[in-house]
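Biologist: Hey, got a minute to look at this one with me? I'd like to go through a few spots.

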Amino acid sequence: MKRREILKELSLLPLAGGVVSSLDALAESDRKNNWFKKTAAAVSAPGPLKAGPQIYQSIGVEPIINCRGTFTIIGASIELPEVRQAMEYACQYNVQIDELAFGVGQRLAEITGAEWGMVSAGCAAGMNEVTAGIIAGGNPEKLIRIPNLEGFEKTEVIIPRSSRNVYDHAIRNCGVKIITVETLEELQNALNPRTAMIYMMPGGDPWTVQNVAKLAKPLNVPILVDAAAERLTIPNIHLQAGASVVAYSGGKVIRGPQCAGLMLGSKDILMSAWQASAPHHGPCRDNKIGREEVVGMLAAVEAWAVRDHKAEMKTWVSWLDTIVKKVSGIDSVQAVIREPAEGALDNATPNLTITWDPTKLNITGQEVADELSTTKPRIAVGTGFRRSQAGAATTAPATPTTSISIASYMMGPGNDKIVAERVHEILSRKRSAPKAEAQMKAPAADVSGRWDVSIDFYTSKSKRTFLIEKQDGNWLFGTHKGEFATRELAGNIDGDEVRFQSRYTLPGDNVVMTFYGKLVGDTITGEIDMVEYVTAKFTAKKAAYPTNRQRINIPAGRPLST
């Protein structure tokens, strides 16, 4: 799964979300709300903190077995023993941080074959520092002015639309103007003396690093490649293809510190980036990284260079085999292991898909994922669902199928047996067929019209407008006018319970807001689920239209006074 594909899933549900339509997402809101309530209840800290295997439980937080992937929101990867040991020793001594950076930069160059290396406080922090370093050009008088770029020669960053993502905030934060291009021809036309750099995620033709480099290199425009979730290649394929700097996340497949990033490439650019970062004062001082993480990241790269990756892949497959053997024989269950293609880089891991007929087991993949993620021991998995296609002109199965998916590269020894037992127990449990879905109650009122909305965020208030243009029985359709944009709104009213959802999408950003509340008279009061941005409260009051009726007359001629 490509990183940009994972980004799409992140907009729905962090632990076990599948891709669903807007109205389907509304049907999931109660389940999500219950998950948030259970999670909130789980973090009522009894204290005090107790170091040891139960360190998280000691403060009321239940850890998760990661069968999902290297998502930051669930802690990404588990650090290698070599990394933890190096960090333990590093934290016991003081060191001059510039000297450490230069020593580590040289050693990273020796291991990877890159000209230079730099450790940052995460991949996004490194991207931020590289951008600041390039637009300042190593000139501290420019550096301390960022993000005010008045008087700067280089103020534009070009990004292919296919590479726009939530992480390019790290670049935008430097105050640069983002130029989004659709084609290589548009890229060529966009290159000009103000172009500071090109940022991109490696992709297929035409958006390969090599194709971009053919246009950028003759003009000395640097290329920053975001390979955060990729496997590290030695020698580095992106640098060989013409990238100036390639950025990796330390806490993903490399299994270094989660709060570390790895930048490889041009020494001049990386020295300018280091100048922009802590311990120096300037725009990236807030991206401070400790000596422990710097040494831990180096230890992870040292280990990567000598790890037996083929043996590691076999181990991951064997863990999935354990699960397959356990669930085989359950009615309608099919389990298929897919190994990554030879040379695959992005999130390259064996994946197990367990599929079944929900009408036979009376449970869906989403329900299995919910139970796994909210009961002990907690397990994060992915989900999928295909509705019945009987009679349709399609090759899809005639019966509905539902599934969970398990990625093995972030699992640990022994996790396979725990996961196998839990999944087997849930799928083999006898359960009655679900009751027919209850019909929604008749709407308590006609809610079509304009609603003036007040939202209470944590530290501010916002005024919005809902225009419910159509009420078709229980179903609602309209628009949500926010402070910066108007977007579609869809939802339903079940008795006096109202729920609707809107999605604010821009290149590189996606904000989903699910409103749910109770209608009393001409007022709806409730809460907002904002997915990764947590929650807020809202009150909506129906606007009264003027009751006076006045005939509009057309003037007979031009005005004689004003």
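Modeller: Sure, here's a chat about the cysteines, a helix and a tryptophan.

Modeller: One caveat up front: this is a predicted model.

Biologist: Fine. How many disulfides does the count come to?

Modeller: Zero, going by sulfur atoms within 2.5 Å.

Biologist: And Cys91, how accessible is that one?

Modeller: Cys91 has a relative accessible area of 32%, so it counts as partly exposed, in between the 20% and 50% cut-offs. Cys259 is partly exposed too, at 43%.

Biologist: Switching topic: what does helix α13 reach from its first C-alpha to its last?

Modeller: Helix α13 covers residues 291-306, which is 16 residues, and reaches 23 Å. That's close to the 22 Å expected at 1.5 Å a residue.

Biologist: Which residues of α13 are buried?

Modeller: Quite a list, including Val294, Met297, Leu298, Val301 and Trp304. Glu292 and Glu293 are among the buried ones as well.

Biologist: Huh, okay. What do those buried residues pack against?

Modeller: Three helices, α4 (81-90), α5 (97-112) and α14 (309-327), plus the strands β2 (116-120) and β8 (261-265).

Biologist: Since you mention α14, what about Trp316: buried or exposed?

Modeller: Trp316 is found in helix α14. Its relative accessibility is 7%, so it counts as buried, the cut-off being under 20%.

Biologist: What does Trp316 touch, leaving out residues up to four places away in sequence?

Modeller: Arg231, Ala348, Pro350, Ser408 and Tyr409.

Biologist: Where does Ser408 sit relative to Trp316?

Modeller: Ser408 and Trp316 are 92 residues apart in sequence, but their C-alphas are 5.5 Å apart in space.

Methods:
Residues are numbered from 1 along each chain as its sequence is written. This is a predicted model: local features need pLDDT of at least 70, side-chain atom pairs count only at pLDDT 80 or more; totals for chains, interfaces and linings use all residues. Side-chain values use heavy atoms; hydrogens and water are left out. Buried means under 20% relative accessible area, exposed over 50%, partly exposed in between (1.4 Å probe, protein chains only). Helices (H or I, at least four residues) and strands (E, at least two) are DSSP runs, numbered from the N terminus. The expected span of a helix is 1.5 Å times one less than its number of residues. Contact means heavy atoms within 4.5 Å.
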